[in-house]
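Subject: Structure handover and what was found in it

Dear colleague,

I am passing the structure on to you with this message, and the notes that follow go through its contents one topic after another. Please read them with the coordinates open beside you.

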Amino acid sequence: MLRRPWSVFGGTVEQFGGPSTLWLNQNAVLTAGAAATSLVRVIGDYDWIWKDEGLLVPVEEMRDYVTVAIEANGNLTAAHRETGHLVLFAPDHSFDGVTPLPGCPEYSLYSFDGLPDLGSWVEACAGAWQGVLS
């Protein structure tokens, strides 16, 4: 499913005057720069989050994920290359509407409640703009 959206999207690097969406406070959304940021490397840098809880670091499980957004504080949103399954790596602060992935402690990897994949995430954020643009 997720081939190379950055080859057809220009991406978003700044937003103002718009609705509050999951793209708010992002430095890069659907850009080549975001895609070049390795989720596996970042998880490796934060391996202590799992190790402190006596859990395995899910490096292998995240190898097929591509970063699709980078928040200003460094949180990452990533999508699986084939299925589009969406995850959020948020060691910085807590969020509403997310659930920790199985085997992952708080302030690590999450799924978005009600947004299982890249397509639903894009549609939800784009749909919020309809009222602003009409």
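Y46, W48, W50 and F89 form one aromatic cluster in what is, it should be said at once, a predicted model. The structure holds 3 aromatic pairs, and two of them are described here. In the pair of Y46 and F89 the ring centres lie 5.3 Å apart and the planes stand at 75°, which is over the 60 degrees required, so the arrangement counts as edge-to-face. Because Y46 belongs to the loop between α2 and α3 whereas F89 belongs to strand β4, this pair ties together parts that are 43 residues apart in sequence. The two partners also differ in burial: Y46 is partly exposed, with a relative accessible area of 31%, while F89 is buried, at 0%.

F89 takes part in a further pair, with W50, where the centres are 6.2 Å apart and the planes make an angle of 10°, so that this pair is stacked. Since W50 sits in helix α3 and F89 in strand β4, the pair ties together parts that are 39 residues apart in sequence. W50 is buried, with a relative accessible area of 0%.

Both W50 and F89 appear again in the largest nonpolar core, which has 19 residues and in which L39, I43, W50, M62, V87, F89 and L109 have the most contacts. At least two residues of this core come from each of α2 (39-45), α3 (48-51), α4 (59-62), β2, β3 and β4, and α2 gives the most, with 4 residues. As for L109, its contacts, leaving aside neighbours within four places in sequence, are I43, W50, P58, M62, V87, L88, F89, T99, P100, L101 and C104. A second core, separate from this one, has 14 residues, among them V68, L86, F112 and L118.

Which strands make up the sheet, and in what order do they lie? There are 6 strands in an open sheet, ordered β1-β2-β3-β4-β6-β5, and the pairing is antiparallel. The edges are formed by β1 (26-29) and β5 (98-100), each of which pairs on one side only, and neighbouring strands are turned by 35° against each other on average, direction ignored. Helix α5 (residues 118-128) packs on this sheet, where it touches β1, β2 (65-71), β3 (76-80) and β4 (86-89), and its direction makes about 25° with that of β2.

Strand β6 (residues 109-112) deserves a separate look. With β5 it pairs in the antiparallel sense over 3 bridges; P100 stands opposite Y110 of β6, and V98 has F112 of β6 as its bridge partner. With β4, strand β6 is joined by 2 bridges, and these two strands also run antiparallel. One bridge partnership in β6 links this part of the sheet to the residues discussed above, namely that of F89 with L109, both of which are among the residues with the most contacts inside the largest core.

With best regards

Note on methods
Residues are numbered from 1 along each chain as its sequence is written. This is a predicted model: local features need pLDDT of at least 70, side-chain atom pairs count only at pLDDT 80 or more; totals for chains, interfaces and linings use all residues. Side-chain values use heavy atoms; hydrogens and water are left out. Two strands pair if DSSP finds at least two bridges between them. Axes are lines fitted to C-alpha atoms, for helices over the stretch in contact, and angles run from 0 to 180 degrees between N-to-C directions. Contact means heavy atoms within 4.5 Å. A nonpolar core is a set of buried Ala, Val, Leu, Ile, Met, Phe, Trp, Tyr and Cys residues joined through side-chain atoms within 4.5 Å. Buried means under 20% relative accessible area, exposed over 50%, partly exposed in between (1.4 Å probe, protein chains only). Rings of Phe, Tyr and Trp (its six-membered ring) pair if their centres lie within 6.5 Å; planes under 30 degrees apart count as stacked, over 60 as edge-to-face and the rest as tilted.
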